[in-house]
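Student: Please take me closely through one part of this protein. I would like to see how the sheet and helices of a single domain fit together, and then how that part sits beside the rest.

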Amino acid sequence: MDVLSQKVQELMKELEPKFIEDLHWFHENPEMSFKEFDTTAYIRKELEALGIEILDSGLETGLVGYLRGGEEGPCIALRADIDALPVTEESTCTYPSKRPGMMHACGHDTHASSLLSAARILAQLKDQIHGSVKFFFQPAEEINLGAKKMVKLGCLEGVDAIFGLHNSPEIPLGTVAVKHGALMAAVDRIEITIKGKGGHGGIPQRNVDPVVCAAAIIQGAQTIVSRNVSPIDSCVISICSVKAGEGANNVTPDSVTMLGTVRTYSKEVEACVVKRLTALVDSICAAYECEGNLNYIYELPPTTNDEALYPAAHEAVTSIGAEPVDPIPSTGGEDFSIFMEECPGFFYWLGTRNEENDCVYSWHSPHFKADERCIAIGAGTYAMSVFKAIEHLSKK
Ligand code: NI
């Protein structure tokens, strides 16, 4: 083992009590998206105590810390999201949320504390950094707006590569997912409006029924997945909300509105969905004498790891003694992908699953619980990513 990896591993052990103290504070004090004021104040205070500069980012919540290394070189950004969810905690965690109706049910507290812990490690190894580090404590991931805001404010300026992570209850504690290509899906929103002509439900010949038309569109949309997308590729189309009428059993409504979500991993599959869904809505509506409108909204691109950063990411994980694993991707989305569109990026999953202490529940569950021993591994992964990325980028 090289000296640096050894030093990072020593600090992971030595500083762990402090890491856990941070985690407990974050977990007990969850805050909603763009309302992370106390969380930001806590992080600011701790970073300042470490001698890390807080940049004037223009963010109201969340912040960007900056650490200049011992020599000039590439700038590596490390990103953690910090917001919580409107969920009432029902987990067996011994330090539960103190704020009613709010919970770190997606475990962003583990991300915030892993990154703060990485700052604690890197501040001690500052002279060995041949470049600089930007610490992105990002607000509002849950509403898909935080990364967009940071990009708009220019936080990525001068950044050569960015690393991020999300906890995962799907992979065991002690492992870190290091994946080639797409780890999480593109997230698109669909809004379909069908206009017919309402009237008496018992006298259908005088109406143009948008409900029957909507049913045909719902059925037809599933044939895109089964008949148009290659069986080797993956795609989800879910119509999740259908609104028709005001509750009467005998009134045909004037219109129907439907909301849905589309998940894909490639531009080609996404383009296929847009093309086929547009054709289906247009032609089914025409066949049923309705007027149809599809509003297709691109919310998030897929989280696709940069191939050139893969060796650095893999080495970062092995060098701290964690086990790299190759997971099945998730059809969930992640707004880290917004950064990836602007800058080479790599996203990990941090294993938090442990059946022995109830750390098995999925993201957003009121029972969600992460094994707190993941924080040292998260911190080490973030910290070593800086050293390994600088090493690889400098070789180019
Ligand atoms: Ni999350």
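Tutor: What follows is a close look at domain 2, then a shorter look at its surroundings. Bear in mind that this is a predicted model.

Start with the division. Domain 2 covers 186–300. Domain 1 is made of two segments, 3–183 and 302–394. The centres of the two domains, taken over C-alpha atoms, are 38 Å apart. Seven residues of domain 2 and nine of domain 1 make the contact. On the domain 1 side, the contact residues are four nonpolar, four polar and one charged.

Now the sheet. Four strands form an open sheet in the order 10-12-8-13, and the pairing is antiparallel. Strand 10 (235–244) and strand 13 (291–300) are the edge strands, and each pairs on one side only. On average, neighbouring strands are turned by 15° against each other, with direction ignored.

Look next at strand 8 and strand 12. Strand 8 spans residues 186–195, and strand 12 spans residues 255–264. The two run antiparallel and are joined by 10 bridges. One bridge pairs alanine 186 with threonine 264 of strand 12.

Two helices pack on these strands. Helix 6 touches strand 8, strand 10 and strand 12. The direction of helix 6 makes about 170° with that of strand 10. Helix 7 lies across strand 8, strand 10, strand 12 and strand 13. Against strand 13, helix 7 runs at about 165°.

The helices also pack on each other. Helix 6 (residues 210–228) and helix 7 (residues 267–287) have axes 10 Å apart, at an angle of about 150°. Angles over 145 degrees count as roughly antiparallel, and helix 6 and helix 7 are therefore roughly antiparallel to each other. The crossing of helix 6 past helix 7 is right-handed. From helix 6, the contact takes Cys213, Ala216, Ile217, Gly220, Ala221, Ile224 and Asn228. Helix 7 meets them with Cys272, Val273, Arg276, Leu277, Leu280, Val281, Ile284 and Cys285. By class, this contact holds 12 nonpolar, two polar and one charged residues.

Now the other sheet. This open sheet has eight strands in the order 1-2-4-3-5-16-6-15, and its pairing is mixed. Strand 1 (53–54) and strand 15 (323–325) stand at the edges with a single partner strand each, so one side of each has no neighbour in the sheet. Strand 3 (residues 71–81) and strand 5 (residues 161–172) pair in the parallel sense over four bridges. Isoleucine 76 has alanine 161 of strand 5 as its bridge partner.

Helices lie across these strands too. Helix 3 (residues 37–49) crosses over strand 1, strand 2 and strand 4, running at about 10° to strand 2. Helix 4 (residues 108–124) lies across strand 2, strand 3, strand 4, strand 5 and strand 16. Its angle to strand 3 is about 155°.

One more helix pair is worth a look. Helix 8 (residues 310–319) and helix 10 (residues 374–395) cross at roughly 135°, and their axes come within 8 Å. Helix 8 and helix 10 are therefore oblique to each other. Their crossing is right-handed. Helix 8 contributes Pro311, Ala312, Ala313, Glu315, Ala316, Val317 and Ser319 to the contact. Helix 10 supplies Thr381, Met384, Ser385, Lys388, Ala389 and His392. Seven of these contact residues are nonpolar, four polar and two charged.

Definitions and conventions:
Residues numbered from 1 in each chain as written. Predicted model: local features only at pLDDT ≥ 70, side-chain atom pairs only at ≥ 80, totals over all residues. Domains from an automatic or database assignment. Nonpolar A, V, L, I, M, F, W, Y, C, P; charged D, E, K, R; others polar. Axes fitted to C-alpha atoms, helices over the stretch in contact; angles between N-to-C directions. Parallel < 35°, antiparallel > 145°, perpendicular 65-115°, else oblique. Left-handed = near helix turned anticlockwise from the far one by under 90°. Pairing = 2+ DSSP bridges.
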